[in-house]
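Me: Please take a close look at the nonpolar core of this chain, and set it in the context of the fold as a whole.

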Amino acid sequence: ATAILLVIAVAFLNQGPDWRIMTAEGTGSAIVNGTTLSLSDTRGLERALRRGGQVSVPEGSQLTLLSPATLLVQVAPGSEVTVPAPSGRWFRKTMKASVIRGEARLLTGANFPGRVMYIETPAGSTILTGTLVSIATDGTLTCVCVLEGKAQVGASQKSMEFVPADMRKVMFADKR
């Protein structure tokens, strides 16, 4: 019984901090995990996204999320993304996200080293290990712009290459 309680306690303490809403700009509503929430309801948005999920932001609006000291994610106007559950403190440090349409801007923080984030789009993949990137897609192409650091980018896990700061890579869904 003690061992079971210890495992449960470690699993609970390993959880990274929940997502916080830094800004919810614009008017209208976001759709979070299938539920429509007003952008002015930041507490409701925070509750819905605390452990990640799928979010759609309408044109003219923007949502900025923070996993304290680990990762900042900005969901651009008219975008649909899947935000990962925050990574664990000691184990389960891998995060998975997607940009379904639109753009997501990601900035890793001081606690990010040792973590890995995989971001999928209709045309390719990006692996972050610490950087500032913008990932934009319209379903037919994906553009990954690396602003700081470097990221691994490719049309598939087998074709990954490092993209350094101030460079970008464009990938097409039809593999050209």
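Reply: A nonpolar core is here a set of buried Ala, Val, Leu, Ile, Met, Phe, Trp, Tyr and Cys residues joined through side-chain atoms within 4.5 Å, where buried means under 20% relative accessible area. The model is a predicted one, and in it the largest such core has 35 residues, with Leu45, Val55, Leu63, Leu71, Leu106, Met117 and Ile119 having the most contacts inside it. Strand S8, which runs over residues 94–108, gives the most to this core, with 5 residues.

Leu45 can be followed further: once its neighbours within four places in sequence are left aside, Leu45 is in contact with Ile21, Ala24, Ala30, Val32, Leu37, Ser38, Leu39 and Leu63. Of these partners, Leu63 is itself listed with the residues that have the most contacts inside the core. In soluble globular proteins, nonpolar side chains tend to be buried together.

As for the surroundings of this core, the chain holds 2 helices and 14 strands. Its radius of gyration is 17 Å, close to the 16 Å that the globule rule gives for 176 residues, so the chain is as compact as a globular protein of that length. The C-alpha atoms fill a box of roughly 55 × 40 × 25 Å along the principal axes, and buried residues make up 41% of the 176 residues. Among contacts between residues at least 6 apart in sequence, 49% join residues at least 24 apart. On the outside, the accessible surface comes to about 9000 Å², of which 58% belongs to carbon and sulfur atoms.

Definitions and conventions. Residues numbered from 1 in each chain as written. Predicted model: local features only at pLDDT ≥ 70, side-chain atom pairs only at ≥ 80, totals over all residues. Heavy atoms only, no water. Helix = DSSP H or I, 4+ residues; strand = E, 2+ residues; numbered from the N terminus. Rg over C-alpha atoms; globule rule 2.2 N^0.38 Å. Buried < 20%, exposed > 50% of the residue type's maximum accessible area, 1.4 Å probe, protein only. Contact = heavy atoms within 4.5 Å. Areas by Shrake-Rupley, 256 points an atom, 1.4 Å probe, with all protein chains shown as cover.
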